[in-house]
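Biologist: Before I use this model, I want to hear how each label on it was earned. Please set the values against the definitions.

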Amino acid sequence: MSAATDYLLHLADNALVLGQRNAEWCGHGPILEEDIALSNVSLDLIGQARLLYQLVAALKGGDVTEDQLAYFRDAGDFRNYTLLELPHHGPLSGYAHASLDYATTIVRNFLYSALMALLWEALQKSGNAQLAAIAAKSLKEVSYHLRYSRDWLVRLGDGTDESHARAQAALDHLMPYTQEFWAACPAEAAAVAEGVAVDLLTIRDDWNGIVDAALAEATLQRPEIGGYVPEGKNGVHSEHLGFLLAEMQSLARAHPNGNW
């Protein structure tokens with residue numbers, strides 16, 4: 001049960017944190033249609049997180065609830081990829097003139113959606129029947145997320161000189177964080193051994209194929225990566241997660257017994 005719940009929390013935290021990040025675009029989208037589209041992507045991700053937290057709560061039993069898992073855990077207890085907690089700009093994105101950079105958002109959504117489209121498809125065969133059902137539902141949603149973000153990646157990369165430069169800078173900044181997808185994780189390994197999870201190395205080549213094809217169409221250069229490998233899924237996060245959680249959790253923590 002421990003391996004399964006730890007792995008489920010990893011999946012749920014990924015969805016919740018990226019959902020929260022995408023929600024920051026609500027009311028700030030470059031045009032109304034894209035404002036609504038990103039809000040819908042955010043709602044899909046938060047919906048996936050809810051289903052996974054509910055499953056974890058059922059496995060843990062007692063007084064554990066989905067709200068407790070989302071709003072009353074500290075940053076060190078979260079198991080999301082570091083990629084997903086980063087703000088919508090980065091230290092390598094010197095072109096950014098505001099805290100919200102659309103190219104950064106699109107590149108991150110593309111890199112993550114490409115992974116999850118493959119992972120949710122594989123998890124439909126999970127030994128945990130409830131996770132398999134969540135995977136089947138989530139696959140339909142993430143297939144749209146991938147198509148949406150890929151279309152925008154190509155549009156930005158193969159667009160104007162300005163849009164190309166922004167997309168390339170975002171890619172150079174974010175791609176190194178994808179090393180964490182393939183890094184070792186005790187909870188993942190244990191869940192794979194129990195037949196609950198999928199070994200991500202089995203889908204790595206397919207992910208590379210999806211990414212390389214999209215980058216070629218977008219006329220973007222895949223950067224060389226190396227150096228430090230993030231460990232968000234092992235609970236070691238950047239400083240950005242604490243600020244994100246402080247904003248997301250503030251109301252629930254201020255009124256822990258509130259009914260909405």
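Modeller: Start with angles between axes: under 35 degrees counts as roughly parallel, over 145 as roughly antiparallel, 65 to 115 as roughly perpendicular, and the rest as oblique. The axes are lines fitted to C-alpha atoms, for helices over the stretch in contact, and the angles run from 0 to 180 degrees between N-to-C directions. This is a predicted model, in which local features need pLDDT of at least 70 and side-chain atom pairs count only at pLDDT 80 or more, while totals for chains, interfaces and linings use all residues. Residues are numbered from 1 along each chain as its sequence is written, and side-chain values use heavy atoms, with hydrogens and water left out.

Biologist: What makes α2 and α5 oblique to each other?

Modeller: Helix α2 (residues 32-60) packs with α5 at an angle of about 40°, their axes 13 Å apart. That angle belongs to none of the three named ranges, and α2 and α5 are therefore oblique. Helices here are DSSP runs of H or I with at least four residues, numbered from the N terminus.

Biologist: Which hand does the crossing of α2 and α5 have, and which residues make the contact?

Modeller: The crossing is left-handed; that term applies if the near helix is turned anticlockwise from the far one by less than a right angle, and right-handed applies if clockwise. Contact means heavy atoms within 4.5 Å. On α2 the residues are Glu34, Leu38, Leu45, Gln48 and Leu52, and on α5 they are Tyr102, Thr105, Asn109, Tyr112 and Trp120. By class, six are nonpolar, three polar and one charged. Ala, Val, Leu, Ile, Met, Phe, Trp, Tyr, Cys and Pro count as nonpolar, Asp, Glu, Lys and Arg as charged, and the others, Gly among them, as polar.

Biologist: Why is α5 called largely enclosed by the rest of the structure?

Modeller: Buried means under 20% relative accessible area, exposed over 50%, and partly exposed in between (1.4 Å probe, protein chains only). In α5, 20 of the 22 residues are buried, so the label follows.

Biologist: How do you know that the length of α5 agrees with its number of residues?

Modeller: The expected span is 1.5 Å times one less than the number of residues. For the 22 residues of α5 this gives 32 Å, and the end C-alpha atoms are 30 Å apart, which agrees. Helix α7 (residues 161-174) has 14 residues and reaches 20 Å, close to the 20 Å expected.

Biologist: What makes α5 oblique to α7?

Modeller: Their axes come within 8 Å and cross at roughly 50°, which makes α5 oblique to α7. The crossing is right-handed. Ala103, Thr104, Val107, Arg108 and Leu111 of α5 meet Arg166, Ala167, Ala170, Leu171 and Leu174 of α7. Seven of these residues are nonpolar, one is polar and two are charged.

Biologist: Why is α5 called oblique to α9?

Modeller: The axes of α5 and α9 come within 9 Å and cross at roughly 140°, so α5 is oblique to α9. Phe110, Leu111, Ala114, Leu115 and Leu118 of α5 touch Asp206, Trp207, Ile210, Val211 and Ala214 of α9. This contact has nine nonpolar, no polar and one charged residue.

Biologist: Why is Leu139 counted as buried?

Modeller: Leu139 is in helix α6, and at 17% relative accessibility it counts as buried. Leaving out residues up to four places away in sequence, Leu139 touches Ala117, Trp120, Glu121 and Gln124.

Biologist: Why does Thr219 count as partly exposed?

Modeller: Thr219 has 36% relative accessibility, so it counts as partly exposed. Its place is in the loop between α9 and α10 (239-254). Phi of Thr219 is near 55°, a positive value in a residue other than glycine. Most residues other than glycine have a negative phi.

Definitions and conventions:
Helices (H or I, at least four residues) and strands (E, at least two) are DSSP runs, numbered from the N terminus.
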